[in-house]
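Dear colleague,

Please find below the structure that I am handing over to you, together with its sequence. My findings follow directly after it, and I would ask you to read them with the structure open.

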Amino acid sequence: MLIRRARKEDYAAFAAIEAEHAGFPAWGAAGFLAEENNRNSVTLAAEAGGAVAGFINFWILRPQVQLNSLAVSGAMLRRGIAAGLFAKLLEYARKSACAEIDLEVSELNAPAIAFYRAHGFEVVGKRPKFYNNTEAALLMRKTL
Ligand SMILES: CC(C)(COP(=O)(O)OP(=O)(O)OC[C@H]1O[C@@H](n2cnc3c(N)ncnc32)[C@H](O)[C@@H]1OP(=O)(O)O)[C@@H](O)C(=O)NCCC(=O)NCCS
């Protein structure tokens, strides 16, 4: 697995991965492109076997990192790809002297919640009707 900075040519593959996950709050290729205008934004791609297998986007808002989006292709789940992307986020966070990582995740997204708990996140709050005016978001935080 290779983790590297995302490039414009990756955005269609990211959008395809988003589309594999029903209910995932998708940015689409245009959304990833728009992130290039945000100097706090970092988007990374994971490659496996020469193909894009996942991505992560986060904002470095010292002293916090906001994890906005993380997804892995359905055929490549449970192989440590999200863990590899998250490990790289941690490198950025430490180099930027950030003290915590924050994110929002649907309370119905059991795989993601399990992933984040396994990586040291705790639930610190809840936003009712955050997604599509129905699903609540859990606010999760990891202190570094
Ligand atoms: C959450 C997600 C990114 C995890 O990606 P992944 O590459 O499969 O994760 P990894 O292989 O690095 O880590 C797997 C670990 O996460 C947890 N996990 C992941 N999927 C799980 C599931 N379906 N059930 C229970 N635990 C799960 C477990 O701790 C697991 O460890 P194990 O395989 O040893 O049990 C992936 O499921 C995904 O893309 N989901 C759709 C998009 C999404 O919901 N993103 C997060 C919200 S922004």
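Strands β6 (residues 122-131) and β7 (residues 135-143) run antiparallel and are joined by 6 bridges. Please note that this is a predicted model. To see the pairing for yourself, begin at Gly 125, whose bridge partner in β7 is Leu 139. The two strands, β6 and β7, form a hairpin, and 3 residues lie between them. In the turn of this hairpin, Asn 132 has a positive phi of about 50°.

Two further places in the backbone deserve your attention, and both are in loops. The peptide bond that joins Arg 62 and Pro 63 is cis, with omega at about 15°. Pro 63 belongs to the loop between β3 (51-61) and β4. The other place is Arg 78, a residue other than glycine with a positive phi, near 60°. Arg 78 is found in the loop between β4 and α3.

Arg 78 also leads to the ligand, as a backbone N or O atom of this residue lies 2.8 Å from an oxygen atom of the ligand. Two more backbone contacts may be listed here:

- Leu 70 has a backbone N or O atom 2.6 Å from a nitrogen atom of the ligand.
- Ala 82 has a polar backbone atom 3.0 Å from an oxygen atom of the ligand.

On its own, the ligand has 930 Å² of accessible area, and the protein covers 73% of that area.

Where is the ligand found? The space that it takes is the largest pocket. In total, 19 residues surround the ligand, and the closest are Leu 70, Arg 78, Gly 80, Ala 83 and Asn 109.

Which elements supply the shell around the ligand? At least two residues come from each of β4 (64-72), α3 (81-95) and α4 (110-118). Helix α4 gives the most, with 6 residues. Sorted by class, the shell consists of 14 nonpolar, 3 polar and 2 charged residues.

I suggest that you locate the hairpin of β6 and β7 in the viewer, and then turn to Arg 78 and the ligand.

With kind regards

How values were computed:
Residues numbered from 1 in each chain as written. Predicted model: local features only at pLDDT ≥ 70, side-chain atom pairs only at ≥ 80, totals over all residues. Heavy atoms only, no water. Near = heavy atom within 4 Å. Polar contact = N/O pair within 3.5 Å; in protein donor to acceptor, adjacent residues only side chain to side chain. Areas by Shrake-Rupley, 256 points an atom, 1.4 Å probe, with all protein chains shown as cover. 1 Å grid on protein atoms, 1.4 Å probe; cavity = no way out; pocket = protein on both sides within 12 Å on 5 of 7 lines; lining within 4 Å. Sits in = over half its atoms within 2 Å of the grid points. Helix = DSSP H or I, 4+ residues; strand = E, 2+ residues; numbered from the N terminus. Nonpolar A, V, L, I, M, F, W, Y, C, P; charged D, E, K, R; others polar. Pairing = 2+ DSSP bridges.
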